[in-house]
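User: Please take a close look at one part of this model and explain how its pieces fit together. I would be grateful if each technical term were explained once.

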Amino acid sequence: MTPHARLNTAVLGTGPLGLDLIDRIHASPYLNSPLVVGHRPGSRGLAQAASLGCVTRSGGIDAVLDADRSVDIVFDATNAFAHPAHWDKLADTGAILIDLTPTTTGTLIVPTVNGHQAAEHQHIGLVSCSGQAALPILHAVTSRHPAAAVEMVATAASASVGRASRLNLDEYLDTTQQAIRDFTHAPDTKTMINISAAAPAPPFRVSITVITADPAPADDITTLTASVEQKMRALVPGYRVRSCTSEDRTVRVVVEVTATRSRIPVHAGNLEVISAAAIHAAERRARHQEAHS
């Protein structure tokens, strides 16, 4: 079998999400081992990345620009406040920027909904972990049954919500709500998040309510959600539709995501669902370039 031409990558951020990206990149036939960039020299995350065989640097986005090799794809796993400056510095380089922070500056991509578009854009946004879990269901339901209103409530274990995520909660909610509006065309949307300190830590969960313009038959909703679950499990094995009901014009679906990867605690399905989306987007781009080279 002829090996694929691999794209050079860089990961900005050395938390659990960044470390999971490293593992996924190492396993990918389309991506080269990443340059891993942290903010502080000597951080624990950089040390772990080095132990995984990665070249590491501190100094943020400037360290990517000064890298010894050209970088084709940059994964931004930092925070929403830093991301705009990262794009400003990368826009003219031709590098693809995949944004795992909750901003709306890139083209929003959800793999099972519009994943094919990832190959066409230089700046890709992944909405949020709640968006990646909820939007496949919401898009499937509202494409068949137009929505008058949508509400999404996410519940995440406190231990899976890091400092950067806590600082970005307003951006998280705003970006997720905007994406729900864009993907469903619902005139009335609302998003909320609960950060649970319960012990043991609960799995990541999104509860979705859709008020449809006309009655939505229960058997049709069950079929739609089962199809989404099957597609999502190919990317995120711990993705489950836990309940699904439809009464007259009210559809309620609960999705739970448990993590199955070694570097992510089982309750942190929020990290796993967005990490999987990031690698999916990168490999789409790599396959596109290979096909057109």
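Analyst: Two strands are said to pair if DSSP finds at least two bridges between them; the strands (E, at least two residues) and helices (H or I, at least four residues) are DSSP runs numbered from the N terminus. The model is predicted, so to speak of local features requires pLDDT of at least 70 and side-chain atom pairs count only at pLDDT 80 or more, while totals for chains, interfaces and linings use all residues. Residues are numbered from 1 along each chain as its sequence is written, and side-chain values use heavy atoms, with hydrogens and water left out.

The part chosen here is the parallel sheet and its surroundings. Seven strands form this open sheet in the order 3-2-1-4-5-7-6, and their pairing is parallel. Strand 3 (55-58) and strand 6 (107-108) are the edges; each has a single partner strand, so one side of each has no neighbour in the sheet.

Within the sheet, strand 4 (residues 73-76) runs parallel to strand 5, and four bridges join the two. Ile73 stands opposite Ile96 of strand 5. Towards one edge, strand 6 and strand 7 (residues 123-125) also run parallel and are joined by two bridges. There, Thr107 has Ile124 of strand 7 as its bridge partner.

Strand 5 deserves attention for its side chains. In a regular strand the side chains alternate between the two faces of the sheet. In strand 5 (residues 96-99), Ile96 and Ile98 point one way, whereas Leu97 and Asp99 point the other way. All four of these residues are buried, that is, under 20% relative accessible area (exposed is over 50%, partly exposed in between; 1.4 Å probe, protein chains only).

Ile98 leads on to the interior. Together with Phe75, Ile98 has the most contacts inside the largest nonpolar core, which has 69 residues. Such a core is a set of buried Ala, Val, Leu, Ile, Met, Phe, Trp, Tyr and Cys residues joined through side-chain atoms within 4.5 Å. Helix 10 (residues 269-291) gives the largest share of this core, 10 residues.

The surroundings of Phe75 show which segments meet there. Leaving out residues up to four places away in sequence, Phe75 touches Thr9, Ala10, Val11, Leu12, Leu21, Ile25, Leu31, Ile98, Leu100, Ala278, Ile279 and Ala282, where contact means heavy atoms within 4.5 Å. Apart from the largest core lies another one, of 12 residues, including Ala10, Leu12, Leu35 and Ile61.

Two of the helices also meet each other. The axes of helix 1 (residues 16-27) and helix 10 come within 10 Å and cross at roughly 45°; axes are lines fitted to C-alpha atoms, for helices over the stretch in contact, and angles run from 0 to 180 degrees between N-to-C directions. On the side of helix 1, the contact is made by Pro16, Leu17, Asp20, Leu21, Arg24 and Ile25. Helix 10 contributes Leu271, Glu272, Ile274, Ser275, Ala276, Ala278 and Ile279. Among these, Leu21, Ile25, Ala278 and Ile279 also touch Phe75.

For orientation, the model holds a further sheet. Its five strands form an open sheet in the order 9-8-10-12-11, with mixed pairing. Strand 9 (188-196) and strand 11 (239-247) are its edge strands, each pairing on one side only.
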